[in-house]
Amino acid sequence: MAKDIEMEKQQINAFLGEGTYFKGVLTFDGTVRIDGKVEGDILTKDTLIVGEKGEINGNIKVGTIIINGRVFGNITATERVEIHSAGRVKGDIKTPVLVITEGVIFDGRCQMSDLDKEMERECEEEKEESLE
């Protein structure tokens with residue numbers, strides 16, 4: 001609960017609203033909220049918020065992800081994954097901290113361990129390659 005309040009106070013740097021569609025590799029710094037549809041991979045060291053109307057079809061590598069919508073793809077988070085009651089995830093999750101509230105649908109495997117610096121480096125390399 002305290003983490004939810006903290007996230008609400010955090011500044012959102014970008015917003016992909018309901019009715020919008022993005023296809024490709026999305027990379028960003030800061031916090032981004034998605035209420036539209038994304039088809040493709042998402043790479044960041046920071047925070048991704050998937051709103052109730054949000055849908056992502058692709059693999060995700062982030063620092064933290066908060067899911068209230070639908071995600072179809074694997075998730076790797078170096079810090080934390082939160083899936084709230086409206087959240088739906090079909091794919092594998094790799095994270096040191098996982099929070100799943102009642103009502104969530106999760107179809108996949110979960111690996112919980114401390115993710116080392118190599119994973120963060122891997123994310124940075126993929127981000128750089130996508131910008132070329």
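Biologist: In the parallel pairing of β11 with strand β14, how many bridges are there?
Modeller: This is a predicted model, and the answer is read from its strands. Strand β14 covers residues 98-100, and one pair in it joins Ile83 to its bridge partner Ile100. β11 and β14 run in the parallel sense, and the number of bridges is 3.

Biologist: Which residue of β13 is the bridge partner of Thr76?
Modeller: β11 spans residues 75-83, and β13 spans 93-94. These two strands pair in the parallel sense over 2 bridges. In β13, the partner of Thr76 is Lys94.

Biologist: Is β11 largely enclosed by the rest of the structure or largely open, and how many of its 9 residues are buried?
Modeller: The cut-off for buried is under 20% relative accessible area. β11 is largely enclosed by the rest of the structure, because the buried residues among its 9 number 8.

Biologist: How many bridges join β9 to β11?
Modeller: β9 covers residues 60-67. One of its pairs links Lys61 with Thr76, the bridge partner in β11. The two strands run parallel, and the count of bridges is 7.

Biologist: What is the bridge partner in β9 of Val50?
Modeller: β7 covers residues 47-50 and runs parallel to β9, with 4 bridges between them. Ile49 of β7 has Ile66 as its bridge partner in β9. For Val50, the partner in β9 is Ile67.

Biologist: Which residue of β9 is the bridge partner of Ile42?
Modeller: Ile42 belongs to strand β6, residues 42-43. That strand runs parallel to β9, joined by 2 bridges. The partner of Ile42 in β9 is Ile60.

Biologist: How many of the 8 residues of β9 are buried?
Modeller: β9 is joined to β7 by 4 bridges and to β11 by 7 bridges. β9 is largely enclosed by the rest of the structure, because the number buried out of 8 is 8.

Biologist: Which residue in β7 does Thr31 stand opposite?
Modeller: β4 covers residues 31-34 and runs parallel to β7, with 4 bridges between them. In β7, Leu48 and Val50 point one way, while Ile49 and one further residue point the other way, and all are buried. The residue opposite Thr31 is Thr47.

Biologist: Which elements give two or more residues to the largest nonpolar core?
Modeller: The core holds 22 residues, and those with the most contacts inside it are Ile34, Ile42, Leu48, Ile56, Ile60, Ile65 and Ile75. The elements that give two or more residues to this core are β4, β7, β9 and β11.

Biologist: Beyond its neighbours within four places in sequence, which residues is Ile56 in contact with?
Modeller: Ile56 is among the residues with the most contacts inside the largest nonpolar core, as are Ile34, Ile42 and Leu48. With neighbours within four places set aside, Ile56 is in contact with Ile34, Val38, Gly40, Ile42, Leu48, Val50, Arg70, Val71 and Phe72.

Biologist: Why does Asp35 count as buried, and what is its relative accessible area?
Modeller: Asp35 lies in the loop between β4 and β5. Outside its neighbours within four places in sequence, Asp35 is in contact with residues including Phe15, Leu16, Gly51 and Lys53. The cut-off is under 20%, and Asp35 counts as buried because its relative accessible area is 10%.

Biologist: Which side chain is joined to that of Asp35 by a polar contact of 2.8 Å?
Modeller: Asp35 is in the loop between β4 and β5, the latter being residues 37-39. The contact of 2.8 Å joins the side chain of Asp35 to that of Arg33.

Biologist: Which residues are closest to the centre of the largest pocket?
Modeller: About 210 Å³ of space lies in the largest pocket. The elements that give two or more residues to its lining are β9, β11, β13 and β16. Of the 15 lining residues, the closest to the centre are Asn74, Ile75, Thr76, Asp92 and Lys94.

Biologist: What percentage of the 132 residues in the protein chain is buried?
Modeller: The protein chain has 2 helices and 16 strands. Of its 132 residues, the buried share is 42%.

Technical notes. Residues numbered from 1 in each chain as written. Predicted model: local features only at pLDDT ≥ 70, side-chain atom pairs only at ≥ 80, totals over all residues. Heavy atoms only, no water. Core = buried A, V, L, I, M, F, W, Y, C linked by side-chain atoms within 4.5 Å. Buried < 20%, exposed > 50% of the residue type's maximum accessible area, 1.4 Å probe, protein only. Contact = heavy atoms within 4.5 Å. Polar contact = N/O pair within 3.5 Å; in protein donor to acceptor, adjacent residues only side chain to side chain. Pairing = 2+ DSSP bridges. 1 Å grid on protein atoms, 1.4 Å probe; cavity = no way out; pocket = protein on both sides within 12 Å on 5 of 7 lines; lining within 4 Å. Points joined across faces, edges and corners; volume = space filled by probe spheres on them.
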